[in-house]
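This report looks at one strand with its partners, and then at one loop residue. The sequence and the structure are shown first.

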Amino acid sequence: MQYIFDQGEIVDESMVSVSVRNKGLNYGLGCFEGIRAFWNESQNQLFTFRIQDHYRRFYNSGKALHIQIPYSPIELMHWTVQLLRKNNVREDVYIRPICFKGSNTLSPDLLDPFNRVSIYSTRLVYIPKPALKVCISSWNRSGNNMIPPQVKSTGSYLSAGLASSEARLNGFDEAIFLNDLGNVCEGPGENIFIIRNNQLITPPISDNALQGITRDTVMQIAINHLQMPVYEQSIGRTELYSADEVFFTGTAIGIKPIINIDNRIIGTGNVGRLTNNIRFFYDQIVRGNHPNYLCHCTPVY
Ligand SMILES: Cc1ncc(COP(=O)(O)O)c(C=O)c1O
């Protein structure tokens, strides 16, 4: 039996139902988060990673969308830990909190006061390949005055779905969005980094990339442990092709090397040395094995 959190209690998932009239389903009026918990085998412990930051972003998503999330971040953290315990999770899992509008009226407005929150967890290996072949999407990332890109709104993932599906139908593993100015933005569910001359470069948030939590962790690793200069600056499409290394970051995907873009080989065509170094630190940090980052790891048991 799988338990989920729904409307203030932990319940058997098979007992939960959602009205077909709800506005999350009809219009994509909702917001969500993606959090991970990592199993530490040697310590026999499960840690959530940066759960406070995720719930803070969840709140800010709600704020931007007129969705008042009916539980505090602390309450949601508490419920998440309870849920993982109830499901006796002893492996790496992905946790999905979602808040969506109810079904009191038909109109696609965000002013309906009923906001429903659920949380579930699942095993997830997101794109199970060691390194990716990707393409620039024909779909652009939505702009700030369209669907706000700094918000994890359920509706905005329609363009993610279009871009990922197009990429896969064309024989690629994933897509890269440009923004409406033609600058490199991010993947459908990932931030993007390039390495050039030992420098780490990622698009600024103002280029319509999500303020990723993994993105932030990677920048800290590069600065604190690899002494790499880090720049948040606009990246042109052709700069991708000539980069030494390119990789995606995200809670779902982790740190994923990109070795081919638009049928151009990136660097040597193999996983880069610096990408591997960053990934090494990331794996230590998220699993509670690095003393400097224990404050980011919340023990479940
Ligand atoms: C569009 C988009 N960009 C980037 C990311 C990566 O963000 P994070 O590292 O916080 O998971 C995600 C996933 O949350 C995403 O959906």
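Which residues of β14 are buried on one side, and which on the other? In this predicted model, Glu 245, Phe 247 and Thr 249 are buried on one side of β14. Val 246, Phe 248 and Gly 250 are buried on the other, which leaves both faces covered. The strand spans residues 245–250, and 6 of its 6 residues are buried, so β14 is largely enclosed by the rest of the structure.

**Strand partners**

Strand β14 pairs with β11 and with β15. The table sets out the two pairings.

| Partner of β14 | Residues of partner | Bridges | Direction | Residues that stand opposite |
|---|---|---|---|---|
| β11 | 191–196 | 5 | antiparallel | Ile 194 and Val 246 |
| β15 | 254–261 | 5 | antiparallel | Ile 255 and Thr 249 |

The link from β14 to β15 is a hairpin, made through 3 residues. Two buried residues of β14 thus appear in the table: Val 246 and Thr 249, which lie on opposite sides of the strand.

**A loop residue**

Is Gly 269 buried or exposed? A residue counts as exposed if 12 or fewer other C-beta atoms lie within 10 Å of its own. Gly 269 has 10 other C-beta atoms within 10 Å, and is therefore exposed. Gly 269 sits in the loop that runs between β16 (264–265) and α7 (273–286). Between Gly 269 and Ile 259 the C-alpha to C-alpha distance is 5.2 Å, while the two are 10 residues apart in sequence.

Notes
Residues numbered from 1 in each chain as written. Predicted model: local features only at pLDDT ≥ 70, side-chain atom pairs only at ≥ 80, totals over all residues. Helix = DSSP H or I, 4+ residues; strand = E, 2+ residues; numbered from the N terminus. Buried ≥ 20, exposed ≤ 12 C-beta atoms within 10 Å, placed from the backbone. Pairing = 2+ DSSP bridges.
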